[in-house]
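User: Hi, I have a structure open here and I would like to talk it through with you. Could we begin with a single residue and work outwards?
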Amino acid sequence: MCTLLDRPILKTPSSLPIASWVTNHKGIHPKAVLNPDLVNEKDWAIIEDRAINDDSPRDFFVRKLSEGIASIAAAFYPNNIIVRLGDFKSNEYCRLIGGEAFEPHEENPMIGM
């Protein structure tokens with residue numbers, strides 16, 4: 001019987017969780033919690049609602065990002081993992097809550113134009 005631990009990918013010394021995947025799951029643009037004055041009222045209300053159990057939206061974002069990365073790391077323990085910080089295109093970041101304030105409209109986000 002083959003278990004997940006028998007699979008070669010889990011025997012490698014590292015894995016590559018991407019922080020932007022975790023960010024996307026939470027749906028909030030990283031800069032929105034750092035620059036609330038640039039976020040529209042509707043988006044800020046959503047962010048505050050999601051962060052209601054934390055001291056601040058920034059604390060919420062940090063906690064959720066940490067939990068997401070930790071849950072991936074736990075699957076590979078005791079091996080190390082490498083976390084890639086992001087690979088979203090600008091249009092993907094723009095779709096996050098608060099993202100319109102920080103991302104330019106690009107005709108072709110695949111090439112950054």
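Analyst: Let us begin with Asp54, which is buried, with a relative accessible area of 16%, and please keep in mind as we go that this is a predicted model.

User: Okay, and which residue does Asp54 form a salt bridge with?
Analyst: The partner of Asp54 is Arg63, and the closest N and O atoms of the two are 2.7 Å apart.

User: Is Arg63 buried or partly exposed?
Analyst: Arg63 counts as partly exposed, because its relative accessibility is 30%, and the buried class takes in values under 20%.

User: What else does the side chain of Arg63 meet in a salt bridge?
Analyst: The side chain of Arg63 also meets that of Glu67, with a distance of 3.1 Å from N to O. Both of these residues belong to helix α5, which covers residues 57-76, and they lie four residues apart, about one turn of the helix.

User: And how accessible is Glu67?
Analyst: Glu67 has a relative accessible area of 37%, so Glu67 is described as partly exposed.

User: Which Lys side chain meets Glu67 in a salt bridge?
Analyst: That is Lys64, whose side chain forms a salt bridge with Glu67 at 3.8 Å, N to O. Lys64 and Glu67 are separated by about one helical turn, because they are three residues apart in helix α5. As for its own surroundings, Lys64 is partly exposed, with a relative accessible area of 22%.

User: So which residues end up in one network?
Analyst: Asp54, Arg63, Lys64 and Glu67 are joined into one network by salt bridges that share partners.

User: How many salt bridges does a search of the whole structure find?
Analyst: The search finds three salt bridges in the whole structure.

User: Changing topic, what does the secondary structure look like?
Analyst: The chain has six helices and zero strands, and if you read along the sequence you meet the pattern α-α-α-α-α-α.

User: How much of the chain is buried?
Analyst: Of the 113 residues in the chain, 32% are buried.

User: And what about the accessible surface?
Analyst: The accessible surface of the chain is about 7800 Å², and carbon and sulfur atoms account for 57% of that area.

User: Last one: what share of the contacts joins residues at least 24 apart?
Analyst: If we take the contacts in the chain between residues at least 6 apart in sequence, 67% of them join residues that are at least 24 apart.

How values were computed
Residues numbered from 1 in each chain as written. Predicted model: local features only at pLDDT ≥ 70, side-chain atom pairs only at ≥ 80, totals over all residues. Heavy atoms only, no water. Helix = DSSP H or I, 4+ residues; strand = E, 2+ residues; numbered from the N terminus. Buried < 20%, exposed > 50% of the residue type's maximum accessible area, 1.4 Å probe, protein only. Contact = heavy atoms within 4.5 Å. Areas by Shrake-Rupley, 256 points an atom, 1.4 Å probe, with all protein chains shown as cover. Salt bridge = Lys/Arg side-chain N within 4 Å of Asp/Glu carboxyl O.
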